[in-house]
Amino acid sequence: MSEEQVNPLLMQYLDIEDYNKKRDFLRLHEMEMTTRLLNDIAVCEDTVLPDGSTAQMLDALYFFISTKARYEVKR
């Protein structure tokens with residue numbers, strides 16, 4: 001995949017509106033996550049992930065998404 005192509009997993013993630021479902025999606029696709037994809041997701045969620053391994057970045061993203069899910073307001 002070239003730099004100009006959007007990762008299909010990112011597009012699928014962005015289509016999910018519920019944070020619990022986003023967390024489930026990340027868990028389902030955990031083995032496919034790359035540093036680039038995790039950073040792209042973090043940018044879309046307006047957060048920053050720590051430098052480190054993919055596993056550390058994924059843990060930080062899980063924590064962020066779980067926190068958002070806890071305070072998500074249903075309209």
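The loop between α1 and α2 is a convenient place to start, for D18 is placed there. In this predicted model, D18 is buried, and its relative accessible area is 16%. The side chain of D18 finds a partner in the backbone nitrogen of N20, which it reaches at 3.0 Å. I16 belongs to the loop between α1 and α2 as well. With a relative accessible area of 18%, I16 falls under the 20% limit and is therefore buried. Once neighbours within four places in sequence are set aside, the contacts of I16 are K21, K22 and F25. Between the C-alpha atoms of I16 and T67 there are 16 Å, with 51 residues separating the two along the chain.

F25 leads on to the aromatic side chains. Rings of this kind are described as a pair by the distance of their centres and the angle of their planes. The chain has one aromatic pair by the rule applied here. Its members are Y13 and F25, in a tilted arrangement with 6.3 Å from centre to centre and 55° between the planes. Because Y13 lies in helix α1 and F25 in helix α2, the pair ties together parts that are 12 residues apart in sequence. Y13 and F25 are both buried. Another ring, that of Y62, has the charged end of R27 sitting over it, at 4.5 Å from the ring centre.

Attention now turns to the nonpolar interior. Nonpolar side chains tend to be buried together in soluble globular proteins. Here, the largest nonpolar core comprises 20 residues, and L26, M33, L38, I41, L61 and I65 are those with the most contacts inside it. Two or more residues of this core come from each of α1 (8-15), α2 (19-28), α3 (35-44) and α4 (54-71). The largest contribution is that of α4, which gives seven residues. I41 offers a good view of how these contacts are spread: leaving out residues up to four places away in sequence, I41 touches L10, Y13, L26, M33 and L61.

The loop between α3 and α4 holds two residues that make a nice contrast. One of them is L49, which is found in this loop and, at 9% relative accessibility, is buried. The contacts of L49, apart from neighbours within four places in sequence, are L38, N39, A42, M57, A60 and L61. For L49 and A60, which are 11 residues apart along the chain, the C-alpha atoms are separated by 6.4 Å.

The other is D46, also placed in the loop between α3 and α4. D46 has a relative accessibility of 71%, over the 50% limit, so it counts as exposed. Its backbone deserves a look too: D46 is not a glycine, yet its phi is positive, at about 60°. For context, most residues other than glycine have a negative phi.

Finally, a word on confidence. The chain has a mean pLDDT of 92, and 92% of its residues reach 70 or more. Among the elements of the chain, the highest mean pLDDT is that of α1, at 97, while α4 has the lowest, at 94.

Conventions. Residues numbered from 1 in each chain as written. Predicted model: local features only at pLDDT ≥ 70, side-chain atom pairs only at ≥ 80, totals over all residues. Heavy atoms only, no water. Core = buried A, V, L, I, M, F, W, Y, C linked by side-chain atoms within 4.5 Å. Buried < 20%, exposed > 50% of the residue type's maximum accessible area, 1.4 Å probe, protein only. Helix = DSSP H or I, 4+ residues; strand = E, 2+ residues; numbered from the N terminus. Contact = heavy atoms within 4.5 Å. Polar contact = N/O pair within 3.5 Å; in protein donor to acceptor, adjacent residues only side chain to side chain. Phe/Tyr/Trp six-rings, centres within 6.5 Å; stacked < 30°, edge-to-face > 60°. Lys NZ or Arg CZ within 6 Å of the ring centre and 35° of its normal. pLDDT = per-residue confidence, 0-100.
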